Amino acid sequence: MEFQEAVMKLMIHKAKENEWAFQTPDRVTEISSPSPRRKWKLFNRSSSAIPSKTAKAQAPKEFICPISGSLMADPVIVSSGHTFERACVQVCKSLNFTPTLVDSPPPDFSSVISNLALKSAILNWCHKSSIDPPKPLDFSSADQLVRAFVASQNQTLPQKLVISENELLIQGVNETPKVNFNHAATEVTRRPTHFHSSSDESVTALVSTPPLPFSTQPSCYSSCSSSSSEIETLNPGNSNSSSRSVEDDEILIKLRSQHVFEIEDALASLRKITRTREDTRASLCTPRMLSALRPLIVSRYTGIQVNSVAALVNLSLEKSNRIKIVRSGVLPPLIDVLKAGSPEAQEHASGALFSLALDDDCKTAIGVLGALPPLLHLLRSESERTRHDSALALYHLTLVQSNRSKLVKLGSVPILLRMVKSGHMTGRVLLTLCNLSSCADGRASMLDAGGVECLLGVLRGNQFDSKATQESCVATLCGLSYGGLRFKGLAKVAGAIEVLREVEKKGSDRAREKARRMLEMMRGKEKEEEDEVDWEELLDSGLGSRNRSQLSGGLGGSSVNSSEF
C-alpha cells in the first residue's frame with residue numbers, strides 16, 4: 001500500500017508540472033500550474049458551428065439549361081444565341097417543338113455549336129463547390145424533360161411525338177441547310193466573277209431578296225493559268241498518291257521547324273499546291289495541317305503570316321473543308337489578323353472569312369467569335385479586295401438572325417447608310433441593309449437613322465450601277481415598310497409616293513412588284529384609317545421627333561462620327 005501511495009503522489013506531481021488536466025466537453029476547466037500564467041482551453045461543440053456536408057451551393061443561372069432546369073453537361077449555342085443542353089435541343093428538333101422562354105425571343109435550332117467556354121466554367125464551378133460534375137443526358141431522359149417542360153408551360157406538341165434515335169440522326173442529316181446558289185470556286189481555270197442568286201434567306205417570308213450579283217470566291221484568290229493538258233497530268237494515281245503523301249509529310253515537318261526560312265519554304269509550297277491542284281485541298285485539310293498553320297497565322301514575320309492565311313483561303317475553297325477549319329480553332333487568330341495584321345494579310349483574312357461564311361453551319365460561330373466588328377471596320381480599307389470581301393462576308397453572315405442583332409448593336413446602320421448616300425460600294429452595302437431591314441431591331445435603327453429618306457434619295461437620283469442595286473434598294477424599303485405608322489409618316493414627308501410610282505413604271509419586274517405593294521399599303525386598304533392620322537403630330541411626338549431632326553440634318557449630322565468613314 002505504501003508503494004502504491006508513493007506512485008500516485010509521483011503521478012500527481014508530474015501532472016501538475018506538465019499542466020495536464022482532465023477536461024469535459026460541456027464546460028471549461030482551469031489548468032493549474034506552478035507558473036503565474038493561467039491557460040484556458042475552450043471547447044465548443046455547438047452543432048451550428050459545424051459545416052453541413054449536405055448543403056449544396058446555388059448554381060449560377062447561366063449554368064442552368066432553361067428546358068431541363070439542371071446544370072448543363074454539354075452546353076451548345078443555337079442560331080438565336082440561346083444556350084441549352086445538347087440532348088434537349090436534339091429532342092426539340094425531333095419533336096418540331098419551339099419552347100417559349102421568359103423575357104426572351106423564341107430560340108432558333110437551325111444550327112448548333114458547342115459552348116466549350118461555358119462547359120469549362122461549369123466544371124470549374126463544380127470542382128470549387130465540391131459537387132460532382134453533371135453527366136450528359138441520354139435521349140430518353142431528355143425526351144421526358146422536354147415533355148415535362150411542355151406540360152409546365154401549358155404548350156402542346158405536334159402530332160408526331162414518337163421518333164427513334166436512328167430516325168433523329170437521319171433527320172438531322174436531312175435538315176442540314178442547303179446553300180441556295182451554285183458554288184464551284186475550286187475550279188482551276190478562271191471563272192466569271194458574278195452570278196445570280198435565288199436565295200431568299202436574307203429576309204423574312206414577307207420580304208424576299210432580289211437576285212443580286214456577287215462573286216462566289218474571295219477576290220484575293222488568284223487561279224492558275226495552267227493549260228488543261230498540264231492539269232490532266234496532276235490527276236492522282238497510285239504512284240502520285242504515295243509521292244504526295246511524302247510531300248505532305250515534308251511540308252508538315254518544315255512547318256514545325258524552328259528555322260524561319262524552312263517555314264517560309266513550306267508555306268510557299270503549300271500555297272502553290274492548294275492554288276493549282278484543287279484535288280489536294282480535301283486531303284491536305286487535316287487536323288495536323290490546321291494545327292501547324294494556326295500559330296503561324298499570327299506570326300511576327302509578315303511573309304509567314306501572309307502565306308499561311310493565303311493557304312487557308314485556298315483550303316476553304318473546298319466546301320467540305322469549311323466546317324473543319326472552323327472547328328480547328330483557326331478563327332480567333334484569323335480575326336486577330338483582321339484587327340492588326342499587315343494590309344496584305346488582312347486582304348487574305350477577309351477573303352477567308354467570306355469563303356467560310358458561305359457555309360450555313362459556320363455563320364453563327366463566326367459571329368460569336370467576334371468577326372463582325374473588324375469586318376465592319378475594313379469596309380473603309382484602302383484595298384478594294386479587302387472592302388469587297390468584307391462587305392460580302394457581312395452579307396452572308398447577316399443571313400443569320402443572331403448576327404443581324406449583333407451588327408445592329410454595333411451601331412452599323414448609320415455607317416452603312418452613310419456609305420450608301422456617298423455612293424461608296426452602294427450595291428454591296430445594300431445587300432447587308434436589306435438583311436437588317438428584315439428584323440425588328442434593324443428596322444427601328446434604320447428608321448431612327450434616316451434610312452427612309454436616304455433610300456428614297458438613292459431611288460430618286462437613279463444612283464445605280466445595275467438593276468440589282470435598284471432591286472436591293474426597293475427591297476430594303478419594303479422591309480422598312482413593316483415598321484407601321486412610323487414608316488408611313490416618314491415616307492409621306494420624304495415624298496415616297498412619287499418615287500415609288502416612278503419605280504412602278506420604269507423599274508425591273510421585282511422592283512415594280514415591291515413598289516406596287518408599298519403603294520397599296522400607303523394609299524389603298526387603310527385609306528380611311530390614314531385619313532384620321534395627323535402625320536405632323538406623329539412626327540412631333542416620341543421617336544418621331546428624333547427621326548425628324550435626323551431627316552433635317554441628313555446622314556452627315558453629329559450622330560455619325562465623321563472619323564468612322
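**Serine 316, its helix, and a look around the rest of the chain**

Serine 316 sits in helix H11, which covers residues 302-316. The model is a predicted one, and everything below should be read with that in mind. Serine 316 is tucked away from solvent: its relative accessibility is just 1%, so it counts as buried, the limit being under 20%. Its side chain has a polar partner, with a contact of 3.0 Å joining it to the side chain of serine 355. Setting aside residues up to four places away in sequence, serine 316 touches Arg322, Ile325, Ala352, Ser355 and Leu356. Serine 355 therefore turns up both as the polar partner and in the list of residues touched by serine 316, with the contact limit set at 4.5 Å.

Helix H11 also holds asparagine 307. Asparagine 307 has a relative accessible area of 17%, and because the cut-off is under 20%, this residue is classed as buried too. Once neighbours within four places in sequence are left out, asparagine 307 is in contact with Leu267 and Arg271. The C-alpha atom of alanine 266 lies 9.6 Å from that of asparagine 307, although 41 residues separate the two along the chain.

Zooming out, the chain contains 29 helices and seven strands. It runs to 565 residues, of which 45% count as buried. As for how the chain folds back on itself, take the contacts between residues at least 6 apart in sequence: 68% of these join residues at least 24 apart.

Next come the pockets. The second largest pocket has a volume of about 400 Å³. It is lined by 15 residues, and those closest to its centre are Lys61, Ile64, Cys65, Pro66 and Leu101. Sorted by class, the lining is made up of eight nonpolar, four polar and three charged residues.

Finally, the cysteines. With a sulfur-to-sulfur limit of 2.5 Å, the disulfide count comes to zero. Cysteine 478 shows how this works out for one residue: the nearest cysteine sulfur belongs to cysteine 434 and is 8.8 Å away, so cysteine 478 is in no disulfide. Cysteine 478 is also buried, since its relative accessible area is 2%. Cysteine 439 is another buried residue, with a relative accessible area of 5%.

Definitions and conventions:
Residues are numbered from 1 along each chain as its sequence is written. This is a predicted model: local features need pLDDT of at least 70, side-chain atom pairs count only at pLDDT 80 or more; totals for chains, interfaces and linings use all residues. Side-chain values use heavy atoms; hydrogens and water are left out. Helices (H or I, at least four residues) and strands (E, at least two) are DSSP runs, numbered from the N terminus. Buried means under 20% relative accessible area, exposed over 50%, partly exposed in between (1.4 Å probe, protein chains only). A polar contact is a pair of N or O atoms within 3.5 Å; within protein, one must be able to donate a hydrogen and the other to accept it, and residues adjacent in sequence count only if both atoms are side-chain atoms. On a 1 Å grid over the protein atoms alone, a cavity is a set of points where a 1.4 Å probe fits but cannot get out, and a pocket is an open set with protein on both sides within 12 Å along at least five of seven lines; lining residues have an atom within 4 Å of a point. Grid points are joined across faces, edges and corners, and a volume is the space filled by probe spheres set on the points. Ala, Val, Leu, Ile, Met, Phe, Trp, Tyr, Cys and Pro count as nonpolar, Asp, Glu, Lys and Arg as charged, and the others, Gly among them, as polar.
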